[in-house]
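Student: Could you take me through one part of this model slowly, namely the sheet and what surrounds it? I would like a connected account that I can follow with the structure open.

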There are 2 protein chains.
Amino acid sequence: MPENSRNSPPFFREEVRPEDCEAVGGLVRATGFFSEEEEDIAVELVEERLVKGDRSGYFFLFAEEEDRLLGYACFGPIPGSVHSFDLYWIAVSPGEQGRGIGRRLMVAAERLMAKRGARRIYADTSSRPQYESTRAFYIACGYREAAFLNDFYAPEDGKVIFVKALS
Amino acid sequence: MPENSRNSPPFFREEVRPEDCEAVGGLVRATGFFSEEEEDIAVELVEERLVKGDRSGYFFLFAEEEDRLLGYACFGPIPGSVHSFDLYWIAVSPGEQGRGIGRRLMVAAERLMAKRGARRIYADTSSRPQYESTRAFYIACGYREAAFLNDFYAPEDGKVIFVKALS
């Protein structure tokens, strides 16, 4: 991100704190984009990070303003690969969308992944119409559709796998 | 499997025991098909199963003869999907290959997955020439190539995603 925005809100934080469990659960729920099971998974990843640290394989980046969580990303190396990372989650609070927070989270998360050796970043999403904006977001961030698995999540709900090769 | 083979060796066992950690590690290593990191992952899944039971999301099927492990499969529901399962591992001891153990493991594992609600089974493998026989095995078992992710595991080592829709 440009120098002049580095010290302006939202602020980015990598350290994971116990209170992030509740904040992440609340944010993910508020988006209305995820099932209850997915909400639980989002919180479980925070919990696992808190218990195991780097060994969990989950890394986080939180965007916040005056202690409010505006958005976050969760990512990590894909076990068995030498340089592929998975962007497990990226979400922005509904009231804060349109401010470019998602884009800034993405750029900062990609930088952190690159520092940890990432050469390729994968992100999965649903093929359902509701996720049109999610898919457009990945495309706008330089990702391309690498694969489509029909009926993956449920009948008529396929998985789209996006990838971005870092230069 | 046909009735007449149900009581002939190898015997199939679902229950996971502490000694399976070592046996699975040894078998996976002996195949020569997996990296050290992958061997560790194979054992970690057994350990997680022992600690968490069904909650681990990992289910096992062991093929054995006179207490020797001949092969095994590990599978489970894919979090976030309603009816998709992942066949995480299927491996047969090198000295026991060619006896149809892999096929019988596959059929029995598919039956167990179906009983747990599986409608689609996914299996990933490498695109490297060494895995030609693995890919042929999936095709012979009724799987089809659903996606190819180039350079996924490493440069020139892509991921092939196979799928089988259960009827």
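Tutor: Before turning to single residues, it helps to fix one term: two strands are said to pair if DSSP finds at least two bridges between them. With that in hand, and bearing in mind that this is a predicted model, consider strand 7 of chain A, where A:Lys159 is the bridge partner of A:Leu149. Strand 7, residues 157–165, and strand 6 of chain A run antiparallel and are joined by six bridges.

These two strands belong to an open sheet of chain A, in which seven strands follow the order 1-2-3-4-5-7-6 with mixed pairing. Strand 1 (11–13) and strand 6 (144–154) of chain A each have a single partner strand and stand at the edges, so one side of each is left without a neighbour in the sheet. From one strand to the next, the twist averages 25°.

Helix 1 of chain A, residues 20–31, lies across strand 2 (59–65), strand 3 (68–77) and strand 4 (84–92) of chain A, and runs at about 100° to strand 3 of chain A.

Turning to the other chain, 18 residues of chain B are in contact with 18 residues of chain A. On the side of chain B that touches chain A, at least two residues each come from helix 2 (36–52), strand 6 (144–154) and strand 7 (157–165) of chain B, and strand 6 of chain B gives the most, with seven residues. Sorted by class, that side of chain B has 11 nonpolar, three polar and four charged residues.

Key:
Residues are numbered from 1 along each chain as its sequence is written. Chains are lettered from A and ligands numbered from 1 in the order in which they are written. This is a predicted model: local features need pLDDT of at least 70, side-chain atom pairs count only at pLDDT 80 or more; totals for chains, interfaces and linings use all residues. Two residues are in contact if their C-beta atoms, placed from the backbone, lie within 7 Å. Helices (H or I, at least four residues) and strands (E, at least two) are DSSP runs, numbered from the N terminus. Ala, Val, Leu, Ile, Met, Phe, Trp, Tyr, Cys and Pro count as nonpolar, Asp, Glu, Lys and Arg as charged, and the others, Gly among them, as polar. Axes are lines fitted to C-alpha atoms, for helices over the stretch in contact, and angles run from 0 to 180 degrees between N-to-C directions.
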